[in-house]
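Please examine the model below and consider how its structural terms are justified.

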Amino acid sequence: MWQAQYRVLLADGQVKWLQGIARPEQQPHGDVTWDGLIIDITERMQIEAALRQSEQRFRNTAANLPGAIFQYVLHVDGTDDVTYMSAGCYDIWEVTAEAAQQNWQRLCDMVHPDDLSAFMSSVEQSARTLEPWSWQWRIITPSGQTKWLAVAGRPELQMNGDIVWDSLVIDISDRKQAEIALKTSESRLNTLISNLPGFVYRVANHPDYPVHFISQGVTDMTGYRVADYVEGHITLGQQVHRYDHARVWHQVQQALQRQETYECEYRMVTRSGQTKWVWERGQGIWDEQGQLHHLEGFVTDISDRKQAELALQESEVRYRQVVEAQTDFILRSRPDTTITFANDALCEALGLSPEQVVGKRWEEFANPDDLQRQAFKQLALLTPKNPRCFVENRDVRAGGTIGWTQWLNEGVFDNIGQLIEIQSVGRDITNLKQVEAALRHSEERLRLVTENMRDLVCLHHLDGHFTYATPSSQTLLGFAPSELIGRDPYELIHPDDCDLVRRELHAPALAGRTGRAIYRIRHKTAGYLWLETLSQPVFEAQGAVSQVQTTSRNVSDRVKMEQQLKYDALHDSLTTLPNRDRLMQRLDLALKRSKQHSTFQFAVLFLDLDNFKVVNDSLGHLVGDELLISVAQQLVQFIRDTDLAARLGGDEFVMLIEEIDHIQDAVVIAERILAALRQPFIVADREVVITTSIGIVSGDAQYEHGVDLLRDADLAMYRAKHSGRAQYAIFDPAMHFRVTQRLHLEQDLRKALERSEMLLYYQPIVALDTLQVIGFEALVRWQHPQRGLVSPCEFIAIAEETGLIKPLGQWVLSTACHQLADWQRQHPHKPLKMSVNLSVQQLQPDLLCQIKAVLAASQLAPHTLVLELTESMLAQNIEITQDLLTQVKQLGIRLSIDDFGTGYSSLSYLSRLPVDYLKIDRAFVNPDKTDARNQVIAESIVALSDLLGLEAIAEGIETPEQLEWLKQLGCQQGQGYLFSTPVPAATAAQMLYQKISM
């Protein structure tokens, strides 16, 4: 096969490219022939030549670009490679283009680990969306350099599914570093601006200074937000004080004309109306054409400084006024005493003008004798640590007289401690010196006085030794003055009081203060006595303490009286036992000790004599007092010296037993006391037998106060009394819980009526022959908000003790009457009645008024109301009770005796009282033949009611047998669980429509 490409030159000079192709064939006679085809490929060859030139230009361009051009292919099967990479690859990755094309993964491995995930995601995003690929990432080159790269490329989807990117990647490290540096600089600038003690601004050059930019600090200074300025709600010019506005504008404009910075101080008015002094510094900003564009500057608050400056000015004025008006001498001088200032008072005293004094040395005015004794030598010794000294000297005054001046000199020092000035305040002590001279003349007279005084006056050396004592020491202490001088007083002071004397007398005097103390000191022959001593310092001329003076007197009688008063304050005057105050002190100490030492145990016994009131009432209080003294003496026999027996008052005693191993130790003592007190006491020639009830509580670190221990011991004692007396009981927390629970119940009960928590239940009263409901007994119940329905057994006794039974009884009476009146209106043909229980506290004259008011309010017929009273209530003061009940009966109301047979059951009062019913107590409603006594009592009550014309009502009927037995006895009415339990009003109303079914 023959193939060839070649050029031919045509006649017109054109050159064409031809391509020939022919196949040779061997002829039979041996010739070779070609059958071929020749075509013109000039155009194709020209295109190929142009393509080669384009590729060369592309390569030349790629080689000169500041980066690298590459072609990246992502194949359908997920593999990828680089099919082309320009020579710039090496400058970026430090890898040749050929090496990159051979192993594309080498470039991927250089991607910074923190950027790899995002880099791969960017490629995947571009491949998925066929959107241009543009990304920035970091690489770490083989030489360890970290570079920032940026890529841009457009993906093209090929026919076979491959995706090809022709991309340009460039090194942007310099730009990134510049950006980072710029951000860092901006961050620092913002931090600086935000922490500046003021605010930065950019404003227009206008009298109102409209704001272009302002920092956040403006809010703290003015109260306006940044947005208020930027949005034009307020301008800086509008905040300049109206008296300062023109001056500030003038200062700024003058500086701008000279193209200099401007500084000014002025007042600014804040949003709240406060006026502040501010300092401002700024400059103009000009554009390239030299035109003023805006102003930039900084403003800070200088109100404190301004106030300080104004205060300093005022202080200087006041200082000058004070100095000039001061009657003392004021002098300022240099270290060599050259005078730089003298006030009018000093100049007038010297009889000279200020001009004649200033500039001279003070030595020129001093007395020559004072200069001879170097009166001013202390001035040379002034230091920053010892900056003051006193100096006295004489000087020649106006008229030629000699005066004395005492100077307080204070040095003023520079930063390195050099004395630069002396400030002196002088006091004219001429009269004082004259007094001192007179004082010296009077010392002899004073000595005569001190030698004859009764109090002891002494002088002491600073270490305490006597240096002088008045002759009264002989009378007071038995020591002559000569025996005390040079002696240490602590040898005579009681050892237990030495620290007190050092602290209260000696130390204050050494510190320049007075002191006072009461202590014991030894008499030469008569033991210890009590002295009250005052100490005071004696100063030398320079102001230091040189001696200590003491003045003492004998206060032994007073101390003994005070001790007796203290004893009496802590002891019972009758029995001499410690009293409550002393007991509480010991209990608190015991509690503290138990908290500090876990092994320490103690117990408290609370004793109350049984029936002691009987002794007082029968034998008299004098006998009772002697009995208490005897009991106290007996109790002391059962305790150790470390224990305590105290009397609280009346017949109550408390014993504190410490250092015990177990509560049983306290029980043993309690049993011994109980046994001892059972023996008769001989009091006033009589035998008196007394017993006691004892409550015991174990000391526990959980207690905070002694009063809590006493409370719990008292509770245990009451438990012992309620259990039969003449015995002991040990406190347990349940006792306190029951008392607390009862207290809470009492508190809740006081609010129960106000909160409408009380309810009435009604138990029907039945005619036993017909089993028809003929009435109800009203029974109170308490619907407690937390505990639910509370039984009367729990709260009636509390109500009676607290007096709440009266308002509660009045409410029961009113509610029951109104309820019965409603039922009577609904059943006008039924003879219904309502029984209401009364408390003994309600048997008062005002009961009549209450009943009348209730009957009037409810419109109830009086004969349908039955008031029930117990036998014990009727037996108390029968005369008053009879009179009151007679008046109640006259109103038409019926009366019933409740629980008859359980109390007094006396015919003497029964016949005198206007009662209508006898209620047989449930204890006797029992047909059991084994309890024949109860049967007889029930039969007797029914028979008695028949004889007196009364009606009998049986309580507690629970069985048909009881019902039949009562009917046989002739009992007319009854109530009990056989018929119904107490029920609410709505349920009771239903019973009125039907017969009781058995």
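The following exchange concerns a sheet and a pocket in this predicted model.

Q: What makes strand 11 and strand 12 a pair?
A: Two strands pair if DSSP finds at least two bridges between them. Strand 11 and strand 12 (residues 275–286) are joined by 8 bridges, so the criterion is met. The two strands run antiparallel, and Tyr-266 stands opposite Val-278 in strand 12.

Q: Why is the sheet in the order 10-9-13-12-11 called open?
A: Its 5 strands pair in antiparallel fashion. Strand 10 (211–214) and strand 11 (262–269) each have a single partner strand and stand at the edges, so one side of each lacks a neighbour in the sheet. On average, neighbouring strands of this sheet are turned by 30° against each other, direction ignored.

Q: Which strands does helix 10 touch in packing on the sheet?
A: Contact means heavy atoms within 4.5 Å. Helix 10 (residues 245–257) touches strand 11, strand 12 and strand 13 (292–301). The direction of helix 10 makes about 160° with that of strand 11.

Q: What makes a residue part of the lining of the largest pocket?
A: A lining residue has an atom within 4 Å of a point of the pocket. The largest pocket, with about 920 Å³ of space, is lined by 35 residues. Glu-777, Leu-779, Pro-792, Asn-837 and Asp-898 lie nearest its centre. Strand 32 (772–784) supplies the largest share of the lining, 5 residues.

Q: How is the lining of the largest pocket divided by residue class?
A: The lining comprises 15 nonpolar, 10 polar and 10 charged residues.

Key
Residues are numbered from 1 along each chain as its sequence is written. This is a predicted model: local features need pLDDT of at least 70, side-chain atom pairs count only at pLDDT 80 or more; totals for chains, interfaces and linings use all residues. Side-chain values use heavy atoms; hydrogens and water are left out. Helices (H or I, at least four residues) and strands (E, at least two) are DSSP runs, numbered from the N terminus. Axes are lines fitted to C-alpha atoms, for helices over the stretch in contact, and angles run from 0 to 180 degrees between N-to-C directions. On a 1 Å grid over the protein atoms alone, a cavity is a set of points where a 1.4 Å probe fits but cannot get out, and a pocket is an open set with protein on both sides within 12 Å along at least five of seven lines; lining residues have an atom within 4 Å of a point. Grid points are joined across faces, edges and corners, and a volume is the space filled by probe spheres set on the points. Ala, Val, Leu, Ile, Met, Phe, Trp, Tyr, Cys and Pro count as nonpolar, Asp, Glu, Lys and Arg as charged, and the others, Gly among them, as polar.
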